[in-house]
Amino acid sequence: MKEAEIRGELDRLFPDPKCELEYENSYQLLVAVILSAQCTDKRVNIVTKELFKNYGKPEKMMTLSQEELEEKIHSCGFFRNKAKNILSMTQDLLEKFDGQVPSDFEKLQSLAGVGRKTANVVIAEAFKGDAIAVDTHVLRVSNRLQLAHTSDPNKCEESLKAVFPSKSWGKLHLQLVHFGRYICKAQKPECDKCPFVQICKK
Ligand code: SF4
């Protein structure tokens, strides 16, 4: 199956994929992506709906203590680390970039608590740039479809970038996330709905 055919099938399944995290500006997206590690987007949206009412801007977020933020994001799990990362990232953002989220990958990654995946999501989603973020769904699906042969997300990202044209990366990331979330699930994938049976190695 050629890469264009794979994209064609993904377009058929998910013609207009959207990020399921809710946010109103790039800073809020950054916070939501940090919260989404090991947590569902649904849960993150419940938490951020309340959090962003009063703390949806960097200056406002910095009025919270670590303990206060921990309490607000508790249900997302790993709340101590996530609160620490959000406050460090926000402080960095204010000091280095005057509170504006940069659209440059290196600059984004220079923020405390912002890793490769988070930076890629923000670039693709907030700035509509050519970036492909590898989360647990993208990693699993890419290996099953033999688009990558690795458990290392960075290597998986490289493999996907080598296969697909750069203009497709942002949409492809969302399509692979949706495919992994709703069809090619970790447990009990719905193979009867899958157009990729012939190339699947599961
Ligand atoms: S055949 Fe099943 S396991 Fe393989 S890619 Fe499709 S849904 Fe996933």
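1. The secondary structure of this chain amounts to eleven helices and zero strands, and the model in which they appear is a predicted one. Read from the N terminus, the order of elements is α-α-α-α-α-α-α-α-α-α-α. The radius of gyration is 18 Å, close to the 17 Å that the globule rule gives for 202 residues, so the chain is as compact as a globular protein of that length.

2. On the overall dimensions, the C-alpha atoms fill a box of roughly 55 × 30 × 30 Å when the box is taken along the principal axes. Of the 202 residues in the chain, 37% count as buried. If one takes the contacts between residues at least 6 apart in sequence, 58% of them join residues that are at least 24 apart.

3. A student may wish to begin the detailed reading with helix H9, which covers residues 136-144. Which residues of H9 are buried? They are Val138, Leu139, Arg140, Val141 and Ser142, and what covers the buried residues of H9 includes helix H10 (153-163) and helix H11 (169-182).

4. The packing of H9 against H11 deserves a paragraph of its own. Two packed helices are described by the angle between their axes and the distance between the axes. Here the axes of H9 and H11 come within 8 Å and cross at roughly 85 degrees; an angle of 65 to 115 degrees counts as roughly perpendicular, and H9 and H11 are therefore roughly perpendicular to each other. On the H9 side the contact is made by His137, Val138, Arg140, Val141 and Ser142, and these meet His173, Leu176, Val177, Phe179, Gly180 and Arg181 in H11. By class, the residues of this contact divide into five nonpolar, four polar and two charged.

5. The loop between H9 and H10 holds two residues worth a look, and one of them is glutamine 146. Glutamine 146 comes after H9 and has a positive phi, near 60 degrees, a positive value in a residue other than glycine. Is glutamine 146 buried or partly exposed? Glutamine 146 is partly exposed, since 13 other C-beta atoms lie within 10 Å, whereas a buried residue would need 20 or more.

6. Threonine 150 is also found in the loop between H9 and H10. Threonine 150 is partly exposed, with 15 other C-beta atoms within 10 Å. Leaving aside neighbours within four places in sequence, threonine 150 is in contact with Lys155 and Cys156. The C-alpha atoms of threonine 150 and arginine 140, which are ten residues apart along the chain, are separated by 9.4 Å.

7. Elsewhere in the chain, phenylalanine 78 has a positive phi of about 45 degrees although phenylalanine 78 is not a glycine. Where does phenylalanine 78 lie? Its place is in the loop between helix H5 (66-73) and helix H6 (79-97), and phenylalanine 78 is partly exposed, with 15 other C-beta atoms within 10 Å.

8. Helix H8, which spans residues 116-126, contains isoleucine 123. Isoleucine 123 is buried, because 23 other C-beta atoms lie within 10 Å and 20 or more are enough for a residue to count as buried. Not counting residues up to four places away in sequence, isoleucine 123 touches Ser103, Phe105, Leu108, Gly129 and Ala131. The C-alpha atoms of isoleucine 123 and serine 26 are separated by 9.4 Å, although these residues are 97 residues apart along the chain.

9. Lysine 117 lies in helix H8 as well. With 21 C-beta neighbours inside 10 Å, lysine 117 counts as buried. What does lysine 117 touch, not counting residues up to four places away in sequence? Lysine 117 touches Ala133, Val134, Asp135 and Pro153. Lysine 117 and aspartate 16 are 101 residues apart in sequence and, from C-alpha to C-alpha, 22 Å apart in space.

10. The last point concerns the ligand, which is surrounded by Arg144, Leu145, Ile183, Cys184, Pro189, Glu190, Cys191, Cys194, Phe196, Val197, Cys200 and Lys202. Sorted by class, this shell has nine nonpolar, no polar and three charged residues. The student can follow how these classes come about, because Cys and Pro count as nonpolar while Glu, Lys and Arg count as charged.

Technical notes: Residues numbered from 1 in each chain as written. Predicted model: local features only at pLDDT ≥ 70, side-chain atom pairs only at ≥ 80, totals over all residues. Helix = DSSP H or I, 4+ residues; strand = E, 2+ residues; numbered from the N terminus. Rg over C-alpha atoms; globule rule 2.2 N^0.38 Å. Buried ≥ 20, exposed ≤ 12 C-beta atoms within 10 Å, placed from the backbone. Contact = placed C-beta atoms within 7 Å. Near = placed C-beta within 6 Å. Axes fitted to C-alpha atoms, helices over the stretch in contact; angles between N-to-C directions. Parallel < 35°, antiparallel > 145°, perpendicular 65-115°, else oblique.
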